[in-house]
Structures are given as structure tokens and as C-alpha cells.
Amino acid sequence: MSILNYHHFPIYSIMILFLGAFLTVVFGHKKALRNIFALLAVSVSLACMIALVKPVMLDGEIISYWMGGRGIAGGYAIGISLEVDALSLFFGLLISTAVFVSCVYSIQYMSHDDNPGQYYTLFLMLSGGVMGLVLTGDIFNMFIMVEILTFAAVALTAFRNKAFGALEAAFKYLVVGCIGSTCILTGVIMLYAQVHTLNFAQLSALIPGNLTPATKVAFALLFVGFSTKAFIVPFHPLAADAHGAAPASISVLISGVLTKSGIYGIIRLCYFLFQSMQLGAIQFMLVFIGSVSMFVCVTMALAQHDFKRLLAFHSISQIGYVLTAVGLCTAFGISAGLYHAMNHTLFKGLLFLAAGAVLHQTGTTDLGKLGGLSRRMPHTTVLFLIGAFSISGLPPFNGFASKWMVYQAVYQKAVESGNIGFLLVLIIALVTSVLTLASFVKVSQSVFFGQLPEEYSDVKEVGFGMRFAMGIFAVLCVITGLFPNLVTTYLTEPAARAVFSVGKYISAMGFDSTVADQAVSFAHAGVWAPVNWLLLLAVMLLAVTIVAVASRYDKVSRRTSETVDTKYQLFYGGEKNVYSQVGGGDLFWGFKHNWRHYFSFMHDLHSGVVNDYALWAVVALALAIVFLQIVL
């Protein structure tokens, strides 16, 4: 077989990243060579993924690749394998795109940091770990990749170790991340003890017919382990700490790449390994966790005063949309969830790069200290607004298209199942979207508009390299919003079909399968139909009404506060006789005041103590074990 045969491309896309990491160690002291090796590695990896679109996405082929020429002996898999179907490739494309753009951004963004050689080594190790996780066909190799990406992410979180909170954030990530990795390893060991194989396809053929109390515990362990990588509730504080401390280029990978590895693991676990998604209880588990993640994290974002921490909570809120759609167990729901996962990588990557540009030029991400930067950084402002419009679900940007599909998928599930609970999920999703828009009004006002502080009067726009990287994400946000049919036809629908083609996945590796693949349909009303807009407007108004009623203007409380402090006057005012915009924490004072008991409870709950977060992980695991023992 020729070395240029596309069957080799999956292993090339992984190994080139690890090879690049090695070369940056050897030549890290030479800036030009370091940058060339890093860019070449991420470019080749991306090219390998793009080259697989036709055979895998369009032609429906599943690529199986045995490392070292090994294969099946005595009915069991011998050695490590790669298996790439449309689902694997979809996530591979997201990862390689985010890694490429982040690398381009890093060349200028990290140029003045200490030890850039070590940065690129860790950067490429992280990238290779995530790529290996989504392309491997071996569950133990998946654990190895989880270990690589976890420790690389921890090191990159602490990379700017002189920054406030960097070492603390890295330590928290290390502790809880190791708990997640240990859960995955223990789950793998328990499965191997039951069926004596590590090949994912063979496990998928054997486990559903051999459910024992031990395999159910393994399910819980693996689910919690992958959940820590997705940062879904109750593991969301880790994302805020890591994003706040890590360089912006790494925040792109944590938000757009690491979270997707967790979602990918959950899909493989529930749809393939245990094939349990036909159970209503498992659907409820995913939809419930997704809905809670959506709402809790968007409200936490409203209370933030730091640009990057605010974006971090929004990131997990958007992952909640993805998990909710995946939990519907419908082809259209899977397609909608994957579409939003792709869009999340694009618009959240753009927003983190914009936050990094602000930090690079001003030295702060404190919303209370910023303002008026649109006059000094107009290009960054426009690019940020594209990301803000996208995440808020405003047309014609990509967030509108994928959110509309998620809404429709949830509504269709409610009609088909007759379960009114899904209508509540729809309302939660819409309320989350309203609060997301409100939050980005706050950020825009606090960072880019209003009065420019005197200390930033000499701030200049970031260089072309950083703007070019942001521009790639911005263009993709627009294109994927304007042409949703192309996205669904060539990317998300093939990946969704792969989710329901478990038998084909098992057979592609050479194992006998008794699993019948499901026929799927993607009939839906479309995105741009006028009737859909009217329906969305009606439900959105209902969501706005709920928010408005929940945060009624409390005249007595407000009047009492104004007798103490006049800074809460509308938009302008304060103790000093100066023209100043309201700080980021004050724009929605009324909303937060009327929800003060909720925010006070969340403040007390999020103590910032690593022992508490570790306890959350243990409690989540215990609940998952009990739940799965009952419902499976």
C-alpha cells in the first residue's frame, strides 16, 4: 500500500503532531525553525483530515488501520487499531481546524513570553492527544491519549505561572482531571476483566449482551471520566479557572477541543459501547445534565467581572445545548447537536482570541477597568461582535442556524414522545439564549463601548497575524450560518448516520455483529423559512416574559440602594463628577438584585476550594453508579 494512500492519513494526522512536539524540543531555541515546525505539523494534520472528507463523509467508508500489521487472532483483537468513521472524522476536522487557527495566532501572541519552545511542545502534545482520542479504535489507547492531553493542558494552564491564579487553577485542574482519568482507567480495566478485549468495536459487539453489575459500574466510571473532560455540571468551575489563567490560544483549545473530546467520549459510550440510548432513563440523564449545564453556566456568566471567566462559563453553557441535543436519541437531534458543537468551536474560539487581543494590548481582562476600546481596536471590535452575534443566536450567523435546529429537534421529540418535559427543556434553551444575548450586551458595553479610560488612550490594534487568525474564525462563522444546508449535507448528517450505524462500525474492524443499523431521517422545516421565524419569535417572547417576570423591578429595594450609593443610576453617574460608563457588574443590577438569593447560593456553592470540587466528582460518580444500576 502506497504511503500516500488515504488509509494512512489518520495515523499521519496524529503522529505529525507528536513529531512536531519532538522537533520543537530539539530546535526550540531557534525561533524561525520552531515556528515552521509547529505550523507545518498543524497544517499537515488539517490537510489529512480534509483529504478524508470524500471517502469517509461522502462515500460512507469506515477506515480501519491496525498498528504494526497486527489484527485479529483467536477471535480477539491483537494490538492497537485506529477506526475512523464519519463521527470520528467530524470531530477530527473540528480539532485540526481549531489547532491550526490557534497556532497561527500563537506565533505573534506568544512571541514575548518566556520559553516559547516549551509552549509549542506542550501545544502540539495537547493537539496530538485529542486527535488520537477521537481517531483511535482501542479503548486503552483512548485512556493514554486522555492522560497526554490532561497533563499537557495542566502545564499550559500554568504556563504563565506569574499570572494571578495560574498555579492554583492548574492544581485544581490536575486534581479533578486526574480523578476523571482514574475513572476512565478503572472503567477500562473492569470492562477488560469482563470480555478480555480492548478493541472498541469488539467491546461494542460483546458488552450489550453481558451487562452485569460490574459493567454498569464501568459505565458510570467512564461517563464521569468523560464528563470531566467536557466540563459539564458539576465540573464547570474547572473551565472557568483554566480559561482565566491559560493563554488565550490555549483557551481556544480547552473550549473548542477538550470539551469536544468529552462529548465524543460520551457519544461513543452511550450509543456504541453500551447501546443504551433507546432507554428513556439514559435520554433523561443526558438531557437533564445538558439543560442544567445550559442554565447554571449562563447565569454564572452574568455574575462575572472577568472577560475570560465570563467566556468560560458561556462555553459550558453552549456545551449544554450539544449534550441536550445528543440526548434526544434522534437523527435530527444528533445532527443539530453536532452542528452546534462545530459552531461552538468557531464562535467561542473567535471570542477567546478577541479576549486575548484585549489582554495583549491592555494587560487586563477586568470588565470594570475596560471600556471604549472600539476607538483604538476597531478590527478586534468587529471580529468580537461577529462572535457575540453568533453565540447569541442572531441571524445570519451560525449560532442562529444550529440553535434553531436544536429547538426544533427538542420540539419534535416532545411531539413524538408526548412528554411535556421536553417543552420545559425548550423553554430553558430559549431563556439561556436570551441571557446569553444579555451577557454579551454587558461585555460589549464594558470592553468596547462607552468611555475610553485615560490609561488606554495609547492602546493600538493587534498585529496582522492575530487579526488574521480571528478573521478565519469570523469568516467561518458567517459561511456556516449562511449555508446551513451545505453543513448538514456534507458534515453533520453523515456523522449522525454513523452514530446509528453501530453494526457497520463493528463489522468494519472484522468482527461479527448482530446489531442492526437503524434507518434515519432528517426531515425538518429548515432554518430560513419565514414561518419558522414567526414561531421562534413567539417562543422567544415567552422566554423574555419569563425572564422579565422573574426579575421584576423592585422599586423599594432600588430606592433604598440609591439613598446609599448613586452609582446605579441608569448608565451614567457616580460619586465623581465625571462621564463614565456603568461597570460590567452593574449593567444588570436589577436582574441580579432580584435573583440575589440564587446568586448568593451559587456563590457559596462555588467555594473555589479544590477539596470541594473533588468531592463533587466523587458525589457525581456515586449518583451515576446508583442511577445506572437501577435503570440498565
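These questions and answers walk through a predicted model, from its overall make-up to single residue pairs. Residues are numbered from 1 along each chain as its sequence is written. Local features need pLDDT of at least 70 and side-chain atom pairs count only at pLDDT 80 or more, while totals for chains, interfaces and linings use all residues; side-chain values use heavy atoms, with hydrogens and water left out.

Q: How many helices and strands are there in the protein?
A: Both come from DSSP runs, numbered from the N terminus: helices are H or I with at least four residues, strands are E with at least two. The protein has 25 helices and four strands.

Q: What percentage of the 632 residues is buried?
A: Buried means under 20% relative accessible area, exposed over 50%, and partly exposed in between (1.4 Å probe, protein chains only). Among the 632 residues, the buried share is 59%.

Q: Among contacts between residues at least 6 apart in sequence, what share joins residues at least 24 apart?
A: A contact means heavy atoms within 4.5 Å. Of the contacts between residues at least 6 apart, those joining residues at least 24 apart make up 81%.

Q: Which residues touch the most other members of the largest nonpolar core?
A: A nonpolar core is a set of buried Ala, Val, Leu, Ile, Met, Phe, Trp, Tyr and Cys residues joined through side-chain atoms within 4.5 Å. The largest one holds 206 residues. Its largest share, 18 residues, comes from helix α14 (residues 331-362). The members that touch the most others are Y271 and L273.

Q: Which helix supplies the largest share of the nonpolar patch on the surface?
A: Patch residues have over 30% relative accessible area and no salt bridge; like charges are joined within 9 Å, nonpolar side chains (Val, Leu, Ile, Met, Phe, Trp, Tyr) within 5 Å. This patch consists of L58, V475, I479, L482, F483, L486 and Y490, with about 640 Å² of accessible area together (Shrake-Rupley method, 1.4 Å probe, only the protein chains shown counting as cover for residues). Both α18 (464-482) and α19 (484-499) supply at least two residues. The largest share, three residues, comes from α18.

Q: How many disulfides does a search of the whole structure find?
A: A disulfide is a pair of cysteine sulfur atoms within 2.5 Å. C270 is buried, at 0% relative accessibility. Its closest cysteine sulfur, in C329, is 9.9 Å away, so the two are too far apart for a bond. The disulfide count is zero.

Q: Why does the salt bridge of R268 and D85 tie together parts that are apart in sequence, and how many residues separate them?
A: A salt bridge puts a side-chain nitrogen of Lys or Arg within 4 Å of a carboxyl oxygen of Asp or Glu. R268 and D85 meet at 2.7 Å, N to O, and both are buried. R268 lies in helix α11 (residues 248-273) and D85 in the loop between β4 (81-84) and α4 (86-109), so the pair joins parts whose separation in sequence is 183 residues.

Q: Which residues are linked with K172 in a network of salt bridges?
A: K172 pairs with E168, the closest N and O atoms being 3.0 Å apart. Both lie in helix α7 (residues 166-195), four residues apart, about one turn of the helix. K172 is buried at 5% relative accessibility, whereas E168 is partly exposed at 46%. In the network, K172 is linked with E168, D241 and R309.
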